[in-house]
Amino acid sequence: QFHPSSVESFRVNMGISRDSLHKRRRTGGKQPRWHKKRKYELGRQPSMTKLAPNADVRPVRVRGGNTKFRALRLDAGNFSWGSESVTRKTRLLDVSYNASNNDLVRTQTLVKNCVIQVDAAPFRAWYKRHYGEDIIYLTKKGKGMEPEAPVKRSASVAAKIAKRNENHKVDVNLLDQFATGRLYACVTSRPGQCGRCDGYILEGTELQFYVKKMQKKKSKA
């Protein structure tokens, strides 16, 4: 005789599966379930990594004795400035855009390919050392500021910096962000799989594309 409690026990024992036997064929026909669930088809709960202080990364033992690193909270990562070929560790400040789901922006969830804001200070410090001047003076905000006192350098270092500055330009949209102290960046790592939040600084047409997308969302709201 069938008893309702058996349904409850079945629900408790149901696991997350990544199989495709439950899906229909391309023609629309149903597939016969010709085998039960397999260990290699299992799925796990999504990590839903949050942008928050007190980073928390947990090791997970997976198939083959390997280890994945499940990040539950992260607040920093390595980001690359592609046009300058430089990478710096910087703080994560805000989740700004996610093409797949607005709730992931509202809940400050870090996933691959989301657009976030990072602290510009490490890149600003590198630029000052590499090009001999603060990048803030190239922005609209910095043009009215008083210049810093000249730093004493050897002739060889001064020549090296002068050569670096020849025909060197920074994207105007990127300069506007340096003025605010925040840079838009795209996450390329998978925080729930490798326990890191790394990516690259947005520049050029890609930056323009995402800025337009974010402005559209703000206007709708």
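1. A residue is called buried when its relative accessible area is under 20%, exposed when that area is over 50%, and partly exposed in between. The structure under review is a predicted model. By this cut-off Tyr210 counts as buried, because its relative accessibility is 11%. Its aromatic partner Phe209 is partly exposed, with a relative accessible area of 44%. The rings of Phe209 and Tyr210 form an edge-to-face pair, with 5.2 Å from centre to centre and 75 degrees between the planes.

2. The aromatic pairs number 8 in total. Among them is the pair of Trp81 and Trp126, which is edge-to-face, with a centre-to-centre distance of 6.0 Å and an angle of 70 degrees between the planes. Trp81 belongs to strand E4 (residues 76-81) and Trp126 to helix H3 (residues 121-131), so this pair ties together parts of the chain that are 45 residues apart in sequence. Trp81 is buried, at a relative accessible area of 1%, and Trp126 is buried as well, at 9%.

3. Trp81 and Trp126 also take part in a cluster linked by ring pairs. The other members of this cluster are Phe123, Tyr127, Tyr131 and Phe178.

4. As to the sheet, strands E1, E2 and E3 form an open arrangement in the order E1-E3-E2, with mixed pairing. The edge positions are taken by strand E1 (50-51) and strand E2 (56-61), each of which pairs on one side only. In general, the strands of a sheet pair through backbone hydrogen bonds, in either a parallel or an antiparallel sense. Here E2 and E3 are antiparallel to each other, over 6 bridges. One residue pairing to inspect is that of Arg58, whose bridge partner in E3 is Arg70.

5. The largest pocket holds about 640 Å³ of space. Its lining comprises 26 residues, of which Arg18, Arg44, Lys68, Arg70 and Gln193 are the closest to the centre. Arg70 therefore appears in two of these points: as the bridge partner of Arg58 and, by the pocket criterion of an atom within 4 Å of a grid point, as a lining residue.

6. Which elements each supply at least two residues of the lining of the largest pocket? They are strand E3 (67-74) and helix H7 (191-194). The largest share comes from H7, with 3 residues. By residue class, the lining of the largest pocket divides into 9 nonpolar, 8 polar and 9 charged residues.

7. Two loop positions may be set side by side. Ala52 is located in the loop between E1 and E2, and Gly82 in the loop between E4 and strand E5 (86-97). Is Ala52 buried or exposed? Ala52 counts as buried, because its relative accessibility is 19% and the cut-off is under 20%. Gly82, by contrast, is partly exposed, with a relative accessible area of 48%.

8. The surroundings of Ala52 can be stated further. Leaving aside residues up to four places away in sequence, Ala52 touches Arg73, Leu74 and Asp75. Ala52 and Met14, which are 38 residues apart in sequence, lie 32 Å apart in space, C-alpha to C-alpha. For Gly82, the C-alpha atom is separated by 21 Å from that of Val111, 29 residues away along the chain.

Conventions. Residues are numbered from 1 along each chain as its sequence is written. This is a predicted model: local features need pLDDT of at least 70, side-chain atom pairs count only at pLDDT 80 or more; totals for chains, interfaces and linings use all residues. Side-chain values use heavy atoms; hydrogens and water are left out. On a 1 Å grid over the protein atoms alone, a cavity is a set of points where a 1.4 Å probe fits but cannot get out, and a pocket is an open set with protein on both sides within 12 Å along at least five of seven lines; lining residues have an atom within 4 Å of a point. Grid points are joined across faces, edges and corners, and a volume is the space filled by probe spheres set on the points. Helices (H or I, at least four residues) and strands (E, at least two) are DSSP runs, numbered from the N terminus. Ala, Val, Leu, Ile, Met, Phe, Trp, Tyr, Cys and Pro count as nonpolar, Asp, Glu, Lys and Arg as charged, and the others, Gly among them, as polar. Two strands pair if DSSP finds at least two bridges between them. Rings of Phe, Tyr and Trp (its six-membered ring) pair if their centres lie within 6.5 Å; planes under 30 degrees apart count as stacked, over 60 as edge-to-face and the rest as tilted. Buried means under 20% relative accessible area, exposed over 50%, partly exposed in between (1.4 Å probe, protein chains only). Contact means heavy atoms within 4.5 Å.
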